[in-house]
Amino acid sequence: MNLISTRPCRICGATGNPVVASETPCALWGDRPWMPEGHYTNIGCRNCGAHYVDSDVTEAYLNELQATHIPENENRTTYLKTEARDKIRTAELAENWAMITRVRKPRPGEKLLDYGSAWGAFGSITKQSGIVPNGIELQATGAAFSRRLWGEQSTVHQGPIETAPFADNTFAYVTSFETLEHVFDPIRILSKMKSLVTQDGVVAISMPSAHYFAFKYWVYRKQPFAEWMLRKLPGSMEDRVLCHNHMITPSLKSAKLMMKKAGLKVIYAAPYCSGLSGGRVGQILRMTGKVLWILSFKTVAFAPSIFLVAVKDPS
């Protein structure tokens with residue numbers, strides 16, 4: 001695929017970037033496609049390494065789409081649709097909190113804001129450390145469940161971050177895990193998150209890794225044994241390799257640039273979310289990722305996601 005897009009990178013602004021992956025038809029949320037064009041196409045930035053969608057999708061379209069009521073979600077009580085997968089996700093979130101608390105020790109009564117709080121699993125983990133969780137969630141069902149789960153001390157706003165009823169400099173911890181890739185302008189969201197965190201607080205995020213998804217696409221679509229791999233190791237994919245609701249899939253370089261443009265300074269970064277599922281193959285990939293992380297002097301995040309912790313940039 002040698003097509004060159006005229007669409008500039010949404011992180012660094014570079015132009016003349018190649019189309020690196022495409023799948024048709026685009027996955028649906030309810031009865032509407034994530035990309036209004038009906039296909040999912042990724043551009044790879046030659047400058048910062050981010051992958052971003054070749055689409056005219058807008059923030060308004062995404063907000064409306066993600067707030068759409070899905071009947072099958074009505075009685076859900078977990079982040080994911082099966083108990084087994086939810087246990088894995090909860091283990092990942094517990095690992096997140098452990099990484100955050102190594103950077104900044106929690107004090108009882110401090111407040112957390114979780115952007116994209118879903119069904120409240122992360123907030124429940126932080127409550128065990130005496131933290132008061134709060135959330136922002138577009139899905140009404142998830143927001144309502146989190147309110148009941150966390151109790152009266154907590155506020156869960158159902159809607160965009162701009163309309164949330166929270167004052168600046170309120171939260172010791174502001175987090176967003178596997179959420180910013182779904183928004184049109186993650187830098188704008190991060191800027192708002194910066195305003196909400198206290199001066200001595202931290203902002204922690206995780207997002208899918210461009211290095212990992214580029215490799216995954218090559219394995220399942222481009223290399224000579226791709227069809228065999230897709231049959232033998234399909235994972236949870238449904239006739240697609242890419243995640244069609246990802247607007248941005250950053251490299252470590254572009255993720256740090258996003259933070260910098262939002263006025264945040266990264267103080268911790270690591271590959272993340274690997275090996276907790278996938279059995280022996282997952283364990284091998286986790287070890288491979290650790291080796292590449294060391295050999296690349298912490299520049300290649302070969303894991304499903306990148307984890308970053310940042311503080312307000314004093315400069």
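**A buried glutamate, two cores and an open sheet**

Biologist: In this predicted model, which side chain of opposite charge is nearest to Glu 181, and how far away is it?

Modeller: Glu 181 is buried and yet has no salt bridge. A salt bridge would need a side-chain nitrogen of Lys or Arg within 4 Å of a carboxyl oxygen, whereas the nearest side chain of opposite charge lies beyond that cut-off, being Arg 89 at 7.5 Å.

Biologist: Where along the chain is Glu 181 found, and which residues does Glu 181 touch, not counting those up to four places away in sequence?

Modeller: Glu 181 belongs to the loop that runs between strand 10 (171-177) and helix 5 (186-196). Once residues up to four places away in sequence are set aside, its contacts are Ser 206, Met 207, Pro 208, Asn 245, His 246, Met 247 and Ile 248.

Biologist: Which helix gives the most to the largest nonpolar core?

Modeller: The largest nonpolar core has 59 residues, and among those with the most contacts inside it are Leu 180, Leu 190, Met 193 and Ile 205. Ile 205, for its part, touches residues including Leu 180, Leu 190, Met 193 and Leu 308. Apart from this core lies another, of 16 residues, among them Leu 93, Met 99, Ile 131 and Ala 204. As for the largest core, the helix that gives the most to it, with five residues, is helix 5.

Biologist: Is Lys 194 buried, exposed or partly exposed, and what is its relative accessible area?

Modeller: Lys 194 has its place in helix 5, and, leaving aside neighbours within four places in sequence, is in contact with Ala 262, Gly 263, Leu 264 and Lys 312. Because buried means under 20% and exposed means over 50%, Lys 194 falls in between and is partly exposed, with a relative accessible area of 27%.

Biologist: Which strands stand at the edges of the open sheet?

Modeller: Five strands form this sheet in the order 1-2-5-6-12, with antiparallel pairing. An edge strand has a single partner strand, so one side of it is left without a neighbour in the sheet, and this applies to strand 1 (4-5) and strand 12 (248-249).

Biologist: What angle does the direction of helix 6 make with that of strand 2?

Modeller: Within the sheet, strand 5 (residues 40-44) and strand 6 (residues 51-53) are joined by three bridges, and Asn 42 has Val 53 as its bridge partner in strand 6. Helix 6 (residues 210-222) packs on the sheet, touching strand 2 (17-23), strand 6 and strand 12, and its direction makes with that of strand 2 an angle of about 55°.

How values were computed: Residues numbered from 1 in each chain as written. Predicted model: local features only at pLDDT ≥ 70, side-chain atom pairs only at ≥ 80, totals over all residues. Heavy atoms only, no water. Helix = DSSP H or I, 4+ residues; strand = E, 2+ residues; numbered from the N terminus. Buried < 20%, exposed > 50% of the residue type's maximum accessible area, 1.4 Å probe, protein only. Lys, Arg positive; Asp, Glu negative; His and termini not counted. Contact = heavy atoms within 4.5 Å. Core = buried A, V, L, I, M, F, W, Y, C linked by side-chain atoms within 4.5 Å. Pairing = 2+ DSSP bridges. Axes fitted to C-alpha atoms, helices over the stretch in contact; angles between N-to-C directions.
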